[in-house]
Amino acid sequence: YNKWMDDLDDEKMFFTNKDIAALEPYKYKLDDELLSKDPAAALSFFSLSTSLYRLRLQKTDSIIQAVLAKPIDFSKAESITWPYSGYAANESEAAGRWQKFLKWQVLEYVADELTDDEKMISEKIPEDFSKTEIAARAKVKFNELAYIKNLLQDPKEFIADKEDDYLNAIACCYDPHTSYMNMKKK
């Protein structure tokens with residue numbers, strides 16, 4: 001259970017406490033599921049976790065689109081501790097996490113652009129900051145949406161990839177050295 005949840009959302013950016021509460025009852029029943037003769041019962045945790053994950057990816061896509069569609073407000077001081085140690089309390093908090101994360105990514109891109117010539121960054125806001133910020137938002141938006149799109153793929157590939165990941169999580173629990181073998185040997 002823990003390995004699978006870490007594989008899906010190790011940085012605690014997608015799932016909320018409500019999602020985890022829906023998945024938690026399976027935590028100590030996965031071995032029973034695996035031994036079940038009923039195929040539907042054997043995959044109930046996997047099906048629920050992947051459907052919730054897919055839903056969260058789609059919602060995250062919308063959050064990224066919304067946050068990076070307009071200039072980011074850099075006037076208020078914020079801090080981010082990333083990766084998060086716990087899941088978001090609700091969808092609003094999850095959106096806030098993504099807003100801070102994207103703000104950080106944009107600032108990191110801007111800082112990289114300003115230090116390309118190995119010069120020190122001034123405490124003053126650069127004259128071309130808005131131009132650099134627009135480019136940074138576009139770059140971050142492209143990268144993050146490409147990441148989400150790659151995860152979602154088409155539905156059949158998404159399920160096939162997640163099935164492989166799930167079976168690897170199970171195999172890792174029984175034999176942690178399984179990941180050291182190449183695919184042919186595995």
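Author: Before we start: an axis here is a line fitted to C-alpha atoms, for helices over the stretch in contact. Also, keep in mind that this is a predicted model.

Reader: OK, so how are H5 and H6 oriented to each other?

Author: Helix H5 covers residues 44-67 and helix H6 covers residues 91-114; they pack at an angle of about 50°, with their axes 10 Å apart. Angles under 35 degrees would count as roughly parallel, and 65 to 115 as roughly perpendicular. That angle fits neither group, so H5 and H6 are oblique to each other.

Reader: Which class of residue has six members in the contact of H5 with H6?

Author: On the H5 side you'll find Arg56, Lys59, Thr60, Ile63, Ile64 and Val67, and they meet Glu91, Ala95, Trp98, Gln99 and Leu102 in H6. Sort these by class, and you get three charged residues, two polar ones and six that are nonpolar.

Reader: Which helix gives the largest share of the largest nonpolar core?

Author: That core has 39 residues, and Met5 and Phe45 touch the most other members. H1 (2-9), H2 (17-23), H5, H6, H7 (129-152) and H8 (155-174) each supply at least two residues. The largest share is eight residues, and it comes from H5.

Reader: Is Lys12 buried or exposed?

Author: Look in the loop between H1 and H2 for Lys12. It has a positive phi of about 60°, although it is not a glycine. Buried means under 20% relative accessible area. Lys12 has 13% relative accessibility, so it counts as buried.

Reader: Which residue does a cis peptide bond join to Trp82?

Author: Most peptide bonds are trans. Here omega is about 0°, and the cis bond joins Trp82 to Pro83.

Note on methods: Residues numbered from 1 in each chain as written. Predicted model: local features only at pLDDT ≥ 70, side-chain atom pairs only at ≥ 80, totals over all residues. Heavy atoms only, no water. Axes fitted to C-alpha atoms, helices over the stretch in contact; angles between N-to-C directions. Helix = DSSP H or I, 4+ residues; strand = E, 2+ residues; numbered from the N terminus. Parallel < 35°, antiparallel > 145°, perpendicular 65-115°, else oblique. Contact = heavy atoms within 4.5 Å. Nonpolar A, V, L, I, M, F, W, Y, C, P; charged D, E, K, R; others polar. Core = buried A, V, L, I, M, F, W, Y, C linked by side-chain atoms within 4.5 Å. Buried < 20%, exposed > 50% of the residue type's maximum accessible area, 1.4 Å probe, protein only.
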